[in-house]
Structure formats: structure tokens, C-alpha cells
There are 2 protein chains.
Amino acid sequence: MNDLFLRETEAFLHAQIPLTRAMGVEVESWDGRQLILRAPLEPNHNHLGTAFGGSLSALATLAGYSLLWLLLGDREAHIVIRDSSIRFRHPVRGALRAFCQRPGDEAWEVFRHQWSATGKAHLHLHATIEHEQQTCVEFEGTFVAIR
Amino acid sequence: MNDLFLRETEAFLHAQIPLTRAMGVEVESWDGRQLILRAPLEPNHNHLGTAFGGSLSALATLAGYSLLWLLLGDREAHIVIRDSSIRFRHPVRGALRAFCQRPGDEAWEVFRHQWSATGKAHLHLHATIEHEQQTCVEFEGTFVAIR
């Protein structure tokens, strides 16, 4: 996607969710299948100088939320998170980068059908936080879209 | 606990974890059994005007982290989170207030024994976010202390 589109998406997040500004969240890339969000370590570090767990879970949550928002392409849709779980495998010692992939075709079709039929549908998404080719954090969440 | 102690704990969080300043986190109370952290809605709202899921999970994470830090009473201990799960039951339409209780005596004794013997121990903690007498968010996390 072009840079203007990424900056516009970023501006939308910053306007709607002020904590994303404080975290310095940027949309690094989106190719229609994978979204990467990024935030610098400095405003997101903890007492040990590595990424704060709360920032990591906030960034992973945002990645899932933003992916669904981009896939739906409907800015009037309300997207909320119902539940999530996160596993912190390794400390993140640099910039925070959250990767979230589009779900498989079958899961997406089920979601689209439910969405069209009822105006409310949920989707299970998986995201990771990577640092230097290592998966440091694994996140799973259930997101709900409501028309 | 006296107000000076609460303000000092708050200053420690703000100094060590800068996102807590951006979130406006305050230590509302700590009586030796229950810790309450608080943050205003304004810097923590989402696109729907309710509390952002990422802020809610960050505040619950901080409540668990702070409770363990207060119970241990050892500022040299490193505390990290290993995993957590969170369930968002109802939107939070006002200030975010996270409640975290000290674990039962048995769990605490197991933790203390492990900590004394090995300098590393983990503890499972439960926290909730309440608004107007309603439990809006339920959080569980495993925290690890390392000497």
C-alpha cells in the first residue's frame, strides 16, 4: 500500500486512540495480507529498560484491531475486543514491531457471511511481536465488529 | 497506607515506566491486602469514547506488577510478566480502576519459600477493572520475581 494510505491509517489511530500517540505507534506496512505496526522503545520501556508488558499487549491489540478495520474497509463499523491472551517469551530489547496476518480464507468467509447476515461478527486473530528475527511475544484475541 | 507512601510508589512507577505517566496512572489505595490503581478516561479512551482495551490490559498488568512489588518490599527484585489473559465483559465508560488482591496465604507461602530458596519464583495474580460497581474486565497473569 502506498505511503499516503499508511500515514492516513496512522493518523486515524492517533486521532481516535490518544495512547497510540504517547506510544509513538506507526503503521510500518500493510500488503493486504500482513500488517506491521511499530513503536519506539523509548516511550514504551519498563523498569528493566526492555519493552513494558502493557505496551506490548496494547500494540498487539492495536494490530488485531487495525487489521480487522483494514480488511472490513468500513470506517463506520465498531470494532471491539472481547478477550485475549498473551505469552511473553523473551524480553524485547529494541523497537516494538507487531505482526498480524489476515486469517485463512475459510475463517474470513465465515466472518463475512455472519457480518452480512446480522451486522455483527467475531474473528479470532493471532499477532506476534518480533525482535531480531525472534518471536518475543505471542498474542491471540477475539475481535467483534458491530455495524 | 499513608498518602506519602502512595505518592512515592506512584513516582516510582512514573519514573520507571514512562507509559504510566502518559496514562495518568495513580495509586488510589493499598491496605496491605488490596491495591487499587486508577487512571482517567481522557488519555485512555478509544474510538468509541470508552476505555481502550490496550490501556485496560496495561493497567491490569501494572496492578499485578505493583502488588507483587509491594508485597516483596524489595526494590532490587526484578519482576516480569510471563503470560496473561483478559476478558472484556463490559465497556468502561469512566475512570479506569484496577483492583488486585493479595493471593491466599498458601499461595503466598509457596512463593516466599521458592523465592528464599532459589531467588526466583512465580505467582499467579487476578485483577479486575470495575466501573460503577460492575466488573467490566477480568485479568489473570503469571508474574515472575528474580533476585
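The fold of one chain, the relation between the two chains, the nonpolar core and two unusual backbone angles are described in turn. The model is predicted.

Chain A contains four helices and six strands. Their order along the sequence is α-α-β-β-α-β-β-α-β-β. The radius of gyration of chain A is 15 Å, close to the 15 Å given by the globule rule for 147 residues, so chain A is as compact as a globular protein of that length. The C-alpha trace of chain A spans about 50 × 30 × 25 Å along its principal axes. Of the 147 residues in chain A, 39% are buried. Contacts in chain A were also sorted by sequence separation. Among those between residues at least 6 apart in sequence, 68% join residues at least 24 apart.

The two chains were then superposed. A turn of 180 degrees, with a shift of 0.0 Å along the axis, lays chain A on chain B with an RMSD of 0.0 Å. This is the relation of a two-fold axis. In chain A, the C-alpha nearest the axis belongs to A:Ser85, at 2.0 Å from it. Both copies use the same surface: 100% of the contact residues of chain A recur in chain B.

The largest nonpolar core comprises 84 residues. Within this core, A:Leu59 and B:Leu59 have the most contacts. The surroundings of B:Leu59 were listed without residues up to four places away in sequence. On that basis, B:Leu59 touches B:Val25, B:Leu37 and B:Ala39. B:Leu59 also touches B:Leu96, B:Ala98 and B:Ile129.

Backbone angles were examined next. Most residues other than glycine have a negative phi. A:Gln133 is not a glycine, yet has a positive phi of about 60 degrees. A:Gln133 is found in the loop between strand S5 (120-131) and strand S6 (134-146) of chain A. With 5 other C-beta atoms within 10 Å, A:Gln133 is exposed, since the cut-off for exposed is 12 or fewer.

In chain B, a positive phi of about 50 degrees is found at B:Glu132, which is not a glycine either. B:Glu132 lies in the loop between strand S5 (120-131) and strand S6 (134-146) of chain B. B:Glu132 has 9 other C-beta atoms within 10 Å and is therefore exposed.

Terms used
Residues numbered from 1 in each chain as written. Chains lettered and ligands numbered in written order. Predicted model: local features only at pLDDT ≥ 70, side-chain atom pairs only at ≥ 80, totals over all residues. Helix = DSSP H or I, 4+ residues; strand = E, 2+ residues; numbered from the N terminus. Rg over C-alpha atoms; globule rule 2.2 N^0.38 Å. Buried ≥ 20, exposed ≤ 12 C-beta atoms within 10 Å, placed from the backbone. Contact = placed C-beta atoms within 7 Å. Least-squares fit on C-alpha atoms with pLDDT ≥ 70 in both. Core = buried A, V, L, I, M, F, W, Y, C linked by C-beta atoms within 7 Å.
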